[in-house]
Amino acid sequence: MIDFLVLGAGGAVPTPTHSPAAYWVVVDGHGILLDPGPGALVRLVRSPHGPDSLDQLTTVLLTHLHLDHCADLAPLLFALHSPLLASTEPLYLIGPEGLATYLRRLSELYGSWIEPYQRRLVVRELAPGDAMDPAAPDRGLKCGPDTTAGDEPQGASVTAFAAAHPEDRFGRYCLGFQFRDAAGHCAVFSGDSEPCPALAEASRGADLLVVECSTPDEWAMAGHMTPTRVAELCRQAQPQRVVLTHQYPPAAELDLPDLVGSGYAGPVIAARDGTLVRIGADRGGSGRIGTTPPGDRSGGQP
Ligand SMILES: [Zn+2]
């Protein structure tokens, strides 16, 4: 089973309903903080569907190192410097090429202030085609485009693919991810990307595609999607359901599902902060979609 919780449905420019990138993805019970953009930690612990303490956070996964996707890494490490946190488990920081350099630069700025008080950091850089076990993120899995069918990983996995987005200052790749549970359910996250073959291939037949839709068509820019681009991707890939995210304000003001729907007939929703999609649940629960207001820990839909 996979829960995909949108903590931030916007891009770099926050609005009351669309915060910068942040997601909480739970694969067969293993939680992953995906893209800790600005404010991610606060929204994570406030959400009724996330952990209520950073002690329960074991894995952080990053698509790329633009600030709207990684700015809360330093506050996370600063928080872990506090003796108030009790966990002694390793914290896995997993991301694209350049993550180790980024962390070293942060260390040059902040020194021991961002050294965890008692947790060990495990840093792993993924290249396109690399996969990890959500239960043991430092463990490599044989997977990816060069893998034959018999080599595909058994059990749950997270596999990186190359998104088409301008490279950042630290590495060559911006990544998207394909999440699989042990039963074979598949959720795909585009990261920031314009249309590209790797995104279409990863999304083919997915149970869930969470795809960026940064701008209206008339504001189309390199490295990002628009409603028309999303519709074309979905016609190619035929995902079971689609959630639109990373909406900058001009896109968030539109009826994005209607615009995508003019070129694609499948189910599409536009995420808001708090949107939760569950796939692979028992009968009656599969595909449930709910939204809980940020800060509401009192209930809401699962
Ligand atoms: Zn972005």
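**View 1. The zinc ion sits in an irregular site with four donor atoms.** The angles among these donor atoms run from 90 to 169 degrees. A site with four donors counts as tetrahedral if all angles lie between 85 and 135 degrees, so the upper end of the range, 169 degrees, rules that label out here. For comparison, the ideal angle for four tetrahedral donors is 109.5 degrees. Please keep in mind that this is a predicted model. The protein donors to look for are Asp68 (OD), His69 (NE2), Asp192 (OD) and His246 (NE2), placed 2.1 to 2.2 Å from the zinc ion.

**View 2. Two histidines of the zinc site come from distant parts of the chain.** Histidine 69 belongs to helix H2 (residues 67-70), while histidine 246 lies in the loop between strand E13 (242-245) and helix H7 (249-252). The two are 177 residues apart. If you like to follow the donors along the sequence, their spacing reads D-H-x122-D-x53-H. Both side chains are hidden from solvent by the usual count: histidine 69 is buried, with a relative accessible area of 0%, and histidine 246 is buried too, at 1%.

**View 3. Helix H3 (residues 73-80) has five buried residues to find: Leu73, Ala74, Leu76, Leu77 and Leu80.** Looking down the axis of H3, you will find these buried residues within an arc of 160 degrees, so they line one face of the helix. What covers them? The cover includes helices H1 (40-46), H2 and H4 (99-110), along with strands E4 (59-61), E5 (91-96) and E6 (121-126).

**View 4. Strand E9 (residues 157-163) is mostly covered and pairs with strands E7 and E10.** Of the seven residues of E9, six are buried. Strand E7 (residues 131-133) runs antiparallel to E9 and is joined to it by two bridges; here, methionine 132 has valine 158 of E9 as its bridge partner. Strand E10 (residues 174-180) also runs antiparallel to E9, and seven bridges join this pair. To get your bearings, find serine 157, which stands opposite arginine 180 in E10.

**View 5. Stepping back, the protein chain has eight helices and 16 strands.** Of its 302 residues, 52% count as buried. Among contacts between residues at least 6 apart in sequence, 65% join residues at least 24 apart. The accessible surface of the chain is about 12,600 Å², and carbon and sulfur atoms account for 51% of it.

Methods. Residues numbered from 1 in each chain as written. Predicted model: local features only at pLDDT ≥ 70, side-chain atom pairs only at ≥ 80, totals over all residues. Heavy atoms only, no water. Helix = DSSP H or I, 4+ residues; strand = E, 2+ residues; numbered from the N terminus. Buried < 20%, exposed > 50% of the residue type's maximum accessible area, 1.4 Å probe, protein only. Contact = heavy atoms within 4.5 Å. Areas by Shrake-Rupley, 256 points an atom, 1.4 Å probe, with all protein chains shown as cover. Donors = N, O, S within 2.8 Å, 3.2 Å for Na, K, Ca; no water. Tetrahedral: all angles 85-135°; square planar, octahedral: opposite > 155°, others 65-115°. Arc of directions from axis to C-beta. Pairing = 2+ DSSP bridges.
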